[in-house]
Amino acid sequence: MAGSLKTEAIVLRSIRFGEADRVLHLYTPQRGRLSAIAKGVRRAKSRFGGRLEPYFRLQLVLYEGRSELLTVTAAETVHPHAQLRQDARALDGASRACDAVARLFADGEPHEGVFHLLANHLALLDAEPARATRGHALAFRLKLLLAAGFAPQLAACAGCGDTEHVVGFSGAAGGVVCPACEASAFPLGEEAHGFLVTALGRPLSAAPDASPRALAQAERAILETLEHHAHVRLRPVSAT
Ligand SMILES: [Zn+2]
């Protein structure tokens, strides 16, 4: 299956390798996560310039041989996201988003929607770095759960289907729960519940905000869902 692969990609991580090379962790629309080596990229006269850095959206030509590691043979910038690099919070948000995608999906497990979601998230942070709020980051992560097939059940108790009295959230049950089913649940207030429902329903560009208390509950619901269903423990969405 040796040959060339032309693909768009977002650089999730870029790791120094050997004297002048870098190993890139990429997310692509059709192949999902993959790793590629860029040879000589750290030399001053590299033809790749500085574009093989995290958060760049690129058009790549990769050589695929027998190794799991592909080789970058050409790279053009689609979007450098230069603005978000000037803003510490936006940069931190981009880093946590790329880290979540890298950890949640294995190599060769493509979700085209994840590529577009991440591209959209980075473009929004770049256009308006002040968007790098906890609410926005949680909305991204919730949509990531949906793309991965782990969206929590929010409309009715995940245990018995009761729609009237949901008072808690249980990662093990897979969503909101009523008082009768609340073993292993933690309290989820109305505001946090509303935030989760709205964040899932709206486009990322219109992500809702909520009080710190509600956001903390929403974040716990997302983290526990990931732990129970994807067996992944992610960093918090923000430093604060
Ligand atoms: Zn119940």
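In which helix is the place of Leu-226? Leu-226 sits in helix H5, which covers residues 212-229. The legends below describe close-up views of a predicted model.

**Figure 1. Surroundings of Leu-226 in helix H5.** Leu-226 has a relative accessible area of 1%. Because buried means under 20%, Leu-226 counts as buried. Apart from residues up to four places away in sequence, Leu-226 touches Leu-104, Leu-145, His-231, Val-232 and Leu-234. The view can also be extended to Ala-239, which is 13 residues from Leu-226 along the chain. The C-alpha atoms of Leu-226 and Ala-239 are separated by 19 Å.

**Figure 2. The zinc ion and its four cysteines.** The SG atoms of Cys-157, Cys-160, Cys-178 and Cys-181 coordinate the zinc ion, at 2.3 to 2.4 Å. Why is the arrangement of the donor atoms tetrahedral? The 4 donor atoms subtend angles of 106 to 117 degrees around the zinc ion, and this makes the arrangement tetrahedral. As a reference, the ideal angle for four tetrahedral donors at a metal is 109.5 degrees. Along the chain, the donors of the zinc ion follow the spacing C-x2-C-x17-C-x2-C. Cys-157 belongs to the loop between helix H3 (134-148) and strand E6 (168-170), and Cys-181 to the loop between strand E7 (175-177) and strand E8 (186-187), so this pair ties together parts that are 24 residues apart in sequence. Cys-157 is buried, at 2% relative accessible area. Cys-181 is partly exposed, and its relative accessible area is 25%.

**Figure 3. The largest pocket.** The space in the largest pocket amounts to about 210 Å³. Its lining consists of 13 residues, and those nearest the centre are Arg-31, Leu-34, Glu-64, Glu-68 and Leu-70. Which strand gives the largest share of the lining of the largest pocket? That share, 3 residues, comes from strand E3, which spans residues 32-38. By residue class, the lining of the largest pocket has 6 charged, 4 polar and 3 nonpolar members.

**Figure 4. Contacts of Ser-35 in strand E3.** Is Ser-35 buried or exposed? Ser-35 is buried, as its relative accessible area is 15%. Not counting residues up to four places away in sequence, Ser-35 touches Leu-24, His-25, Glu-68, Leu-69, Leu-70 and Asp-107. Glu-68 and Leu-70 also appear in Figure 3, among the residues that lie nearest the centre of the largest pocket.

**Figure 5. The second largest pocket.** This pocket has a volume of about 150 Å³. It is lined by 14 residues, and Arg-89, Asp-92, Gly-93, Ala-132 and Ser-238 are the closest to its centre. Helix H1 (88-104), helix H2 (112-127) and H3 are the elements that give two or more residues to this lining. H1 provides the largest share of the lining of the second largest pocket, 3 residues. The lining of the second largest pocket divides into 6 polar, 5 nonpolar and 3 charged residues.

**Figure 6. The largest cavity and His-121.** How many cavities of 30 Å³ or more does the structure hold? The structure holds 1 cavity of 30 Å³ or more. The largest cavity has a volume of about 60 Å³. The residues that line the largest cavity are Gly-93, Arg-96, Ala-97, Ala-100, His-121, Ala-137, Phe-140, Arg-141 and Val-237. Two or more lining residues come from each of H1 and H3. H1 gives the most, with 4 residues. The lining of the largest cavity divides into 5 nonpolar, 2 polar and 2 charged residues. His-121 is located in helix H2 and is buried, at 2% relative accessibility. Beyond neighbours within four places in sequence, His-121 is in contact with Gly-93, Ala-97, His-136, Phe-140 and Leu-204.

**Figure 7. Positive phi at Tyr-55 and Ser-184.** Most residues other than glycine have a negative phi. Tyr-55 is not a glycine, yet its phi is positive, at about 75 degrees. Tyr-55 is placed in the loop between E3 and strand E4 (57-64). With 11% relative accessibility, Tyr-55 counts as buried. Ser-184 also has a positive phi, near 65 degrees. The place of Ser-184 is the loop between E7 and E8. With 57% relative accessibility, Ser-184 counts as exposed.

Key. Residues are numbered from 1 along each chain as its sequence is written. This is a predicted model: local features need pLDDT of at least 70, side-chain atom pairs count only at pLDDT 80 or more; totals for chains, interfaces and linings use all residues. Side-chain values use heavy atoms; hydrogens and water are left out. Donors are N, O and S atoms within 2.8 Å of the metal (3.2 Å for Na, K and Ca); water is not among the atoms, so sites may look incomplete. Four donors count as tetrahedral if all angles lie between 85 and 135 degrees; four count as square planar and six as octahedral if opposite donors are over 155 degrees apart and all others between 65 and 115; anything else is irregular. Buried means under 20% relative accessible area, exposed over 50%, partly exposed in between (1.4 Å probe, protein chains only). On a 1 Å grid over the protein atoms alone, a cavity is a set of points where a 1.4 Å probe fits but cannot get out, and a pocket is an open set with protein on both sides within 12 Å along at least five of seven lines; lining residues have an atom within 4 Å of a point. Grid points are joined across faces, edges and corners, and a volume is the space filled by probe spheres set on the points. Ala, Val, Leu, Ile, Met, Phe, Trp, Tyr, Cys and Pro count as nonpolar, Asp, Glu, Lys and Arg as charged, and the others, Gly among them, as polar. Contact means heavy atoms within 4.5 Å.
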